[in-house]
Amino acid sequence: MSRFEISETFYLDGRPLQILSGAIHYFRIPSGDWYQSLYNLKSLGFNTVETYVPWNFHEVIEDEYDFTGNKDIKRFIKIAEELGLYVIIRPSPYICAEWEFGGLPAWLLNYRYMRIRSSDESFIEKVAKYYDELFKILTPLQIDENGPIIMMQVENEYGSYGQDKEYLSRLKDLMLERGTTVPLFTSDGAWNQCLSAGSMIDQNILVTGNFGSRTHENFNNLKNFQEEYSKKWPLMCMEFWDGWFNRWGDEIIKRDTDDLINDVKIAIRDGHINLYMFHGGTNFGFWNGSSARGNTDLPQITSYDYDAPLDESGNPTDKYFALQNLVKNEKNDIQQRPPKYREFMEINNIEVTDQVSLFEILDDISIKTTSKYPQTMEEAGDGYGYFVYRTHIKRESHKENLRIIDARDRVHLFIDNKLEHVAYQDEIGAQIEVQLQNEQPQIDVLVENMGRVNYGHKLLSSTQRKGLGQGLMQDLHFVQNYEQFDIQFNKLRSKHFQKNYIKGTPSFHRYKFNLEETYDTYLDMQQFGKGVVLVNGHNIGRYWEIGPTLSLYISKSFLNVGENEIVIFETENKASSTINLKKSPITIDNKIDN
């Protein structure tokens, strides 16, 4: 049994330990790829891995918990232990992390009078139930239980959100009551206002900072803040930003390697570091978050490459080797080894085999509810992805005015299966003039939740409730009586492709191919508009022609020896008769000919 302690530095079994850590999010990497990512971290010369734990990833539906397969955090921690890595766990209810709703479950939004991230007893009760399940896994893996976990976080960057100290104390107590014995910490922006609001220094909880530059200045801020409370603790950057995330429609953000190395050198000499990210990975499925800016939200892209030392697939970049050289020069007693690489394949002109319209199979692949007034995605389903709201109106004249009121985030309006209108964010609510051919036309509104905000005051905003809000207006009145279809992509089967393909409607396009060996690859999406991709049933994420990325990463963990199937759900009627698999990612800046 070992013991990890905090004094003027970190001590493991009475010996000083400098923490050299890298962030790897198990939830952004297929479980079959965890070993290589962790192996490459150890090979760099680092001794610790850090990960958040996203609550919504494990409790998508309230009271239904899943810690299996790609969600098996215990297995991730055990692999780290086998490789000789210590583990820092950040199990706070909120994680930010450019993750959907900052890790908070969408179903919390159904409790309209609950105040999240506060001492509101109704919120604490939900956290407590989740912690009952999570800490059954974490508690036995602590270092004083012969596991690798050396520290855990209470809350994440709370000083950038609130100052409810009772809330922080309640979270701490929940952790202690469930067997937490390793030291606890908070992490905040490294300036006084954030540290004062978000820290628990008066309760002897370690204070750490998050930054990626001005290392001397930020460490001095941490030191001075500690001294105000007569503390002399180790200085640690819990998130040393070595790159940045990207949003749809923006340019890809990079960080200069030399600039990074200069700041990391200072951090290694003066304190302790956790590189954020070491391996960024991918926002598979519908798990991307969104940045809040004014009245608009800016969803993050599927790739979470982050310009990190390992690229999206887990292969070393120039930053990796520059960091490895730095560690070797600064810490010549640390063992290093060559990293592992992933191999890539290219296959061109894979032909489409089947196509089917969404509206032909909507009943088969959805959870259907009915209501007089439209319900939100969270009320009528799991709160993620796509919904169809269907109603019928009575034609009063051949030319009518319709409006979609209070919908989020992107809508397609169809009348009798014909597309009439597409709108996104601020465009929603405009008057739509339509021609009505039938006496009682069918109206379908396809709504896409493009990702809830993951940071800032908008976490409390009603804008995070997704779907068709107030409803559809005909002339000056609201339409009533809706069927709501929560599309479940995992219900799609081969038999569904026997139904009709209606051009101009949202549709599924299936491509089949065989492999004798599996390798990683990138799916070229240059010929498509917008939607999501399923690889052998795995939702590998969203694509959008506005970029900056024009391909999707496919890990070989998702591929089979033998027959493989790629299904593309396309909403913009821009599908191609063939698809191509490439060895490198494609962006707006490096488009290739097909």
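**Exercise 1. Determine what follows helix α1 and whether the residues of α1 are buried or exposed.**

Step 1. Glycine 45, with a positive phi near 110°, follows α1. Helices here are DSSP runs of H or I of at least four residues, strands are runs of E of at least two, and both are numbered from the N terminus. The model is predicted: local features need pLDDT of at least 70, side-chain atom pairs count only at pLDDT 80 or more, and totals for chains, interfaces and linings use all residues. Residues are numbered from 1 along each chain as its sequence is written, and side-chain values use heavy atoms, with hydrogens and water left out.

Step 2. Buried means under 20% relative accessible area, exposed over 50%, and partly exposed in between (1.4 Å probe, protein chains only). Nine of the 11 residues of α1 are buried, so α1 is largely enclosed by the rest of the structure. Among them are Trp34, Leu38, Tyr39 and Leu44.

Step 3. These buried residues pack against β4 (20-24), β5, α3 (73-82), β11 (272-279) and α9 (318-330).

**Exercise 2. Locate asparagine 47 and describe its surroundings.**

Step 1. Asparagine 47 belongs to the loop between α1 (34-44) and β5 (48-52).

Step 2. With a relative accessible area of 14%, asparagine 47 is buried.

Step 3. Contact means heavy atoms within 4.5 Å. Not counting residues up to four places away in sequence, asparagine 47 touches Leu17, Gln18, Ile19, Leu20, Gly84, Leu85 and Tyr86.

**Exercise 3. Describe the overall form of the protein.**

Step 1. The protein contains 11 helices and 31 strands. Its radius of gyration is 25 Å, close to the 25 Å that the globule rule gives for 594 residues, so the protein is as compact as a globular protein of that length. The radius is taken over C-alpha atoms, and the rule is 2.2 Å times the number of residues to the power 0.38.

Step 2. Taken along the principal axes, the C-alpha atoms fill a box of roughly 80 × 55 × 40 Å.

Step 3. Of the 594 residues, 61% are buried. Among contacts between residues at least 6 apart in sequence, 80% join residues at least 24 apart.

**Exercise 4. Identify the nonpolar cores.**

Step 1. A nonpolar core is a set of buried Ala, Val, Leu, Ile, Met, Phe, Trp, Tyr and Cys residues joined through side-chain atoms within 4.5 Å. The largest has 133 residues, and Met151, Leu358 and Phe508 have the most contacts inside it. Helix α4 (residues 121-138) gives the most to this core, with 10 residues.

Step 2. A second, separate core of 23 residues includes Ile404, Leu413, Ile432 and Val447.

Step 3. Leaving aside neighbours within four places in sequence, the contacts of phenylalanine 508 include Leu358, Phe489, Phe497 and Phe569.

**Exercise 5. Trace the open sheet that contains β17.**

Step 1. Four strands form this open sheet in the order β20-β17-β22-β23, with antiparallel pairing. Two strands pair if DSSP finds at least two bridges between them. The edge strands, β20 (432-435) and β23 (477-478), each pair on one side only.

Step 2. Six bridges join β17 (residues 399-408) to β22 (residues 467-474). Arginine 403 stands opposite methionine 473 in β22.

Step 3. An unreviewed UniProt entry lists residues 374-487 as "domain: Beta-galactosidase 1-like first all-beta". UniProt positions are in the numbering used here, feature names are shortened, and annotations may be inferred rather than shown by experiment. Residues 374-487 are 4% helix and 50% strand.
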